[in-house]
Amino acid sequence: MMYQVFAPGRVELLGNHTDYNAGVVMSAALDLGTTVTGEASAGSRIRLRSAGFPEVIVDASEPLHPSGGWSDYPVGVIAKFIEAGYEVGGFEAEFSTNLPVGAGLSSSASIEVATAVLLCRMFDWEISPMDLARLCKKAENEFAGVNCGILDQVSCIFGKRQHAIFLDCRKESVQRVPFPEGVELLIVHSGVKHALTGGEYNERRDQCFEAARTLGVPALRDASTADLSHAGLSDVVRRRAAHITGENERVFAGLSALELGDLETFGRLLTASHMSSMENFENSTPELDSLVRIATSQPGVLGARLTGGGFGGAIIALVMAENIETAKVEILSKYLTDMEIDTDAYHCRMGDGAIPDA
Ligand code: GLA
């Protein structure tokens, strides 16, 4: 029997780098993502295909190792299921995606989640959605070698059409928040690829952990921005910590704003988040800054910020529905003039996760 699974990409709306600091994040699944079609076969041979890449064949009865290619994401998930005691049999699977590459929209998590859900359906396993997210995160941490938090995998699984996801990373609890109609998400790729395998992500992570140690708290989630001024932190570490405490505070403010339907405030929080990335966390780039500056000067744009890890990738802009097409054309043309980069923008909707009734 043939199975088909769709796992979306995601945008981070507010709460940058808070996930590995036991903090809070607001995100949304997109209507773009990875589709996998697969069928179980006899034996233990696994054949993985994706257009434009060489086919990968592994054997579930032999030790699995990373190869440095795209297949590390599905193979990592297979390896973690085997490690957890699941009996993975042979199968064939074909992956395709309509997510822009290198935009920081979690194409890797969408491949992991698509693989995990496919395996559960094919082999009839019952696992809770949060456990699936944990297993996919483990695959990314230990197999693909990226020390990410749980944001991406949770968003790909728990997303819901026209809803934001409020994730408390300490409790590992999810709340879906209805997103008011009338505003749309515009994603604009900076044209500079984002890759988390670079050392900057881990460096920021270490600085956050250092700040928590100096403050004597288990995680930066337990500190407020006011706590940072007299704490004996170096200037750099204080600014890194201020980004995290500020982001946690903005997520709570954003949640209240959404509940009140106050999108103007929500938009302002987005732009404030980007300013903090620029000044405190230094995970922005001149290209992302240019896009945010251009976007926020367009009529009908309520706010804009980088989304995800940073150091390249895309921005998101929150735009009144009636202004979105004009904003898209204007932003792309002004960016071409400003940065001489001819790039793409995507008018996206908040979509369902891989397990919409999770
Ligand atoms: C990447 C990581 C996430 C999260 C974001 C920043 O997307 O994969 O775990 O840390 O960066 O918020």
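This briefing covers a ligand site, a set of aromatic contacts and one helix, with a few individual residues. The model is a predicted one, and every value below was computed from it. Two places draw together much of what follows: the surroundings of the ligand, of which the protein covers 98% of the 310 Å² of accessible area that the ligand has on its own, and helix 7, which spans residues 263-281.

**Ligand surroundings**

- There are 14 residues around the ligand, and of these Glu12, His17, Asp19, Asp152 and Tyr201 come nearest.
- Two acidic side chains approach oxygen atoms of the ligand: an N or O atom in the side chain of Glu12 is 2.5 Å from a ligand oxygen, and a polar side-chain atom of Asp152 likewise lies 2.5 Å from an oxygen atom of the ligand.
- Arg10 also takes part, since an N or O atom in the side chain of Arg10 is found 2.8 Å from an oxygen atom of the ligand.

**Aromatic pairs and the cluster**

- Eleven aromatic pairs are found when the whole structure is searched.
- One of them joins Phe81 and Trp125 in a tilted arrangement, with 4.9 Å from centre to centre and 45° between the planes.
- This pair links distant parts of the chain, 44 residues apart, with Phe81 in helix 1 (residues 72-83) and Trp125 in the loop between helix 2 (107-123) and helix 3 (129-143).
- Phe81 counts as buried because its relative accessibility is 0%, and Trp125, at 15% relative accessibility, counts as buried because the cut-off is under 20%.
- Another pair is formed by Phe179 and Phe266, which meet edge-to-face at 5.8 Å centre to centre, with 80° between the planes.
- The Phe179 and Phe266 pair, too, links distant parts of the chain, 87 residues apart, and brings the loop between strand 7 (173-178) and strand 8 (183-189), where Phe179 lies, to Phe266 in helix 7.
- Phe179 and Phe266 are both buried.
- Phe81 and Trp125 belong, together with Tyr86, Phe91 and Phe123, to one aromatic cluster.

**Helix 7**

- Helix 7 has 19 residues and reaches 25 Å from its first C-alpha to its last, which is close to the 27 Å expected at 1.5 Å a residue.
- The buried residues of helix 7 include Leu263, Phe266, Gly267, Leu269 and Leu270 in its earlier part, and Ser273, His274, Ser276, Ser277, Asn280 and Phe281 further along.
- Residues three or four places apart in an α-helix point the same way, because there are 3.6 residues a turn.
- Met275, which is found in helix 7, counts as partly exposed because its relative accessibility is 33%, between the limits of 20% and 50%.
- The C-alpha atom of Met275 is separated by 8.2 Å from that of Arg305, although these residues are 30 apart along the chain.
- At the end of the helix, the buried residue Phe281 has Arg204 over the face of its ring, at 5.9 Å from the ring centre.
- Helix 7 is followed by Glu282, which has a positive phi, near 50°.

**His189**

- His189 lies in strand 8, and counts as buried because its relative accessible area is 9%.
- A polar atom of the side chain of His189 lies 3.2 Å from the backbone oxygen of Val101.

Notes
Residues numbered from 1 in each chain as written. Predicted model: local features only at pLDDT ≥ 70, side-chain atom pairs only at ≥ 80, totals over all residues. Heavy atoms only, no water. Helix = DSSP H or I, 4+ residues; strand = E, 2+ residues; numbered from the N terminus. Expected span 1.5 Å × (residues − 1). Buried < 20%, exposed > 50% of the residue type's maximum accessible area, 1.4 Å probe, protein only. Phe/Tyr/Trp six-rings, centres within 6.5 Å; stacked < 30°, edge-to-face > 60°. Lys NZ or Arg CZ within 6 Å of the ring centre and 35° of its normal. Near = heavy atom within 4 Å. Polar contact = N/O pair within 3.5 Å; in protein donor to acceptor, adjacent residues only side chain to side chain. Areas by Shrake-Rupley, 256 points an atom, 1.4 Å probe, with all protein chains shown as cover.
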